[in-house]
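The exercises below are meant to be worked through with the model open beside the text. Each one sets a task and is followed by a solution that proceeds step by step.

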Amino acid sequence: LEGRVSPVLTKVNTEEEVEAFAARHAVTALAVLKGGMLSKAETSAEFRSAKEAASILRGKVAIMWADRAIGGLRPPAVQLWVNSSTPRTVEMSSTGTEFARNLVAMSWGFNMFNYTWAKRELFDSVALPIAHVFLDEHSTAPATLQMFEEAAKEFRGEIAFVRFNKNNNFMLKDFGLAEDQLPSFGIAETFALTGKRYGMDKRWLAPAIERDMPDP
């Protein structure tokens, strides 16, 4: 509730304020912006970007800001906390959508997540393409699962990896794939049916593909 009724951006001045704010939210970001005698941080492109990103992610990421170095962090810089974890460095951007995408990439986009409607809305809100990973939770080989998890980390910030179970197999038809062919994989530019989609079935998915090598 606080994330919906509190200011879009919250200004902080001390480490104690940063710690208290982060403790109240599951996902928190601190944007430290440049300020000076002649130009205030509030007039900068980075401030406008942070405000736009905070609006896009309202209720999902709580964003605070400071116009001076705080907690050893010097402007311009951004740090992110997930459940008060060790802070992660996030790349600042002069556009709100891109900044929001960077924040999502370093929080929910950090690993492969199970499909939920909330994740669907989140990834679409920052225009992040979605890798659809369709698996049989009872028969998927550990090496196959590890392959997708490593890919999720490698493409963090570019593609969000979402895992679907057998109850969601009806979505395979959107990729032109059979519902009984698992594992299967697809990339969609958006969850909306109007978005472009590319699919691959299990014939193309394997941690290692054996090939007959000719004798030298």
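A residue counts as buried when its relative accessible area is under 20%, as exposed when that area is over 50%, and as partly exposed in between. The model to which this is applied here is a predicted one.

**Exercise 1.** Find the salt bridges, and decide for Asp136 whether it is buried or exposed.

*Solution.* Step one is the count, which comes to three salt bridges, where a side-chain nitrogen of Lys or Arg must lie within 4 Å of a carboxyl oxygen of Asp or Glu.

Step two takes the pair Lys11 and Asp67, whose closest N and O atoms are 3.2 Å apart. Because Lys11 lies in strand S1 (residues 9–11) and Asp67 in the loop between S3 and S4, this pair ties together parts that are 56 residues apart in sequence. Asp67 also forms a salt bridge with Arg68, again with a closest N and O distance of 3.2 Å, and Lys11, Asp67 and Arg68 are thereby linked in a network of salt bridges.

Step three takes Asp136 and Lys166, with closest N and O atoms 3.8 Å apart. Asp136 sits in the loop between S7 and helix H6 (142–154) and Lys166 in the loop between S8 and S9, 30 residues apart, and the pair links distant parts of the chain. With a relative accessibility of 15%, Asp136 counts as buried, whereas Lys166, with a relative accessible area of 43%, is partly exposed.

**Exercise 2.** Explain why helix H4 is described as largely enclosed by the rest of the structure, and place it in the nonpolar core.

*Solution.* Step one is to look at the 10 residues of helix H4 (residues 96–105): seven of them are buried, so the helix is largely enclosed by the rest of the structure. The buried residues are Gly96, Phe99, Ala100, Asn102, Leu103, Val104 and Ala105.

Step two asks what covers them, and the covering elements include strand S2 (27–32), helix H3 (45–56), strand S3 (62–66), strand S4 (77–82) and helix H5 (117–125).

Step three turns to the largest nonpolar core, which has 42 residues, and in which Phe99 and Leu103 are among those with the most contacts, as are Leu57 and Phe123. H4 is one of the elements that give two or more residues to this core, and others include H5, strand S7 (130–134) and strand S8 (160–164). Leaving aside neighbours within four places in sequence, Leu57 is in contact with residues including Ala100, Leu103 and Val104.

**Exercise 3.** Which strands stand at the edges of the five-stranded sheet, and what surrounds Arg197?

*Solution.* Step one is the strand order of this open sheet, S6-S8-S7-S9-S10, with mixed pairing. Strand S6 (113–114) and S10 stand at the edges, each with a single partner strand, so one side of each is left without a neighbour in the sheet. Within the sheet, S7 and strand S9 (residues 184–188) pair in the antiparallel sense over five bridges, and the bridge partner of Val133 in S9 is Phe185.

Step two moves to Arg197, which is found in strand S10 (residues 197–200). Arg197 is buried yet has no salt bridge, as the nearest side chain of opposite charge, Asp174, is 4.7 Å away.

Step three looks for other polar partners of Arg197: a polar atom of its side chain lies 3.0 Å from the backbone oxygen of Phe191, and the side chain of Arg197 also reaches the backbone oxygen of Ala192 at 3.0 Å. Beyond its neighbours within four places in sequence, Arg197 has contacts that include Asp174, Phe175, Ile187 and Thr190.

Terms used. Residues are numbered from 1 along each chain as its sequence is written. This is a predicted model: local features need pLDDT of at least 70, side-chain atom pairs count only at pLDDT 80 or more; totals for chains, interfaces and linings use all residues. Side-chain values use heavy atoms; hydrogens and water are left out. Buried means under 20% relative accessible area, exposed over 50%, partly exposed in between (1.4 Å probe, protein chains only). Helices (H or I, at least four residues) and strands (E, at least two) are DSSP runs, numbered from the N terminus. Contact means heavy atoms within 4.5 Å. A nonpolar core is a set of buried Ala, Val, Leu, Ile, Met, Phe, Trp, Tyr and Cys residues joined through side-chain atoms within 4.5 Å. Lys and Arg count as positive and Asp and Glu as negative; His and the chain ends are not counted. A polar contact is a pair of N or O atoms within 3.5 Å; within protein, one must be able to donate a hydrogen and the other to accept it, and residues adjacent in sequence count only if both atoms are side-chain atoms. Two strands pair if DSSP finds at least two bridges between them.
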